[in-house]
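Please open the structure in a viewer and keep the selection panel at hand. The tour proceeds stop by stop.

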Amino acid sequence: MFSTVFKHRFGVLAFFNLFSNSSMSSSFFGQELHRALREQGPAIHGFKIVSASPLQAVARVKTLEGHTLEVLLTQQGYKVDCKPNEGMTQAFETVEDLLHSISPLYAQRRSEALFEALKRLS
C-alpha cells in the first residue's frame, strides 16, 4: 500500500530513486568482496578492489604462487574474470572455494592454519 500511495503522489522516478539507492547498491558488492578477501589473510599475497557497481565488484588478487587474477563477485557468486574469447568460468558460492580451486598454495596454507588452530585448542 505504501508503495502505491508513494508512487501515485510523487511519481515513479521518485519511488525508484528512494528504494534503489545506487550508492548503497554499488557498495554492497564492493564491501562484500573486500570483506571476503580480507578474511583470507596470509593465504593470499594481497588484493585491491578495482571496480564496484550495482551489479558486480572486481578485485585484483595476487595468489601465493605470484599469479595476479581478477575475481568477480555478482549475484551468481564468485568467479575469475576472463577475457571474452576465454569463455565463462565456473561461479563459486564462496571466495574460499574459488581460491581453493585455482591455488594449490592457498589450499595448503588454509589447511596449515586450520591444523594450527586445532592444535592450540588441545
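**A guided tour by selection**

Select Glu 39: this residue is partly exposed, with a relative accessible area of 44%, where buried means under 20%, exposed over 50% and partly exposed in between, with a 1.4 Å probe and protein chains only. Next, add Arg 35, whose side chain meets that of Glu 39 in a salt bridge at 2.7 Å, N to O; the term denotes a side-chain nitrogen of Lys or Arg within 4 Å of a carboxyl oxygen of Asp or Glu.

The model is a predicted one, in which local features need pLDDT of at least 70 and side-chain atom pairs count only at pLDDT 80 or more, while totals for chains, interfaces and linings use all residues. Residues are numbered from 1 along each chain as its sequence is written, and side-chain values use heavy atoms, with hydrogens and water left out.

Now add Glu 32, which forms a salt bridge with Arg 35 (2.3 Å, N to O). Glu 32 and Arg 35 are 3 residues apart in helix H3 (residues 22-38), and so are separated by about one helical turn. Helices (H or I, at least four residues) and strands (E, at least two) are DSSP runs, numbered from the N terminus. Glu 32, Arg 35 and Glu 39 are thus linked in a network of salt bridges. Arg 35 is partly exposed at 29% relative accessible area, and Glu 32 is partly exposed at 23%.

Then select Phe 28 and Phe 29. They form an edge-to-face aromatic pair, 5.2 Å centre to centre with 75 degrees between the planes. Rings of Phe, Tyr and Trp (its six-membered ring) pair if their centres lie within 6.5 Å; planes under 30 degrees apart count as stacked, over 60 as edge-to-face and the rest as tilted. Phe 29 is buried, at 8% relative accessible area, whereas Phe 28 is partly exposed, at 46%.

Move to the strands by selecting Arg 60 and Glu 70, a salt bridge with its closest N and O atoms 2.9 Å apart. Arg 60 lies in strand S2 (residues 57-62) and Glu 70 in strand S3, so the pair ties together parts that are 10 residues apart in sequence.

Select S3 (residues 68-74) with S4 (residues 77-80): they pair in the antiparallel sense over 4 bridges, at least two DSSP bridges being needed for pairing. A hairpin through 2 residues joins S3 to S4, and Thr 74 stands opposite Gly 77.

Finally, select helix H5 (residues 104-121), where Leu 114 lies. Leu 114 counts as exposed, at 52% relative accessibility.
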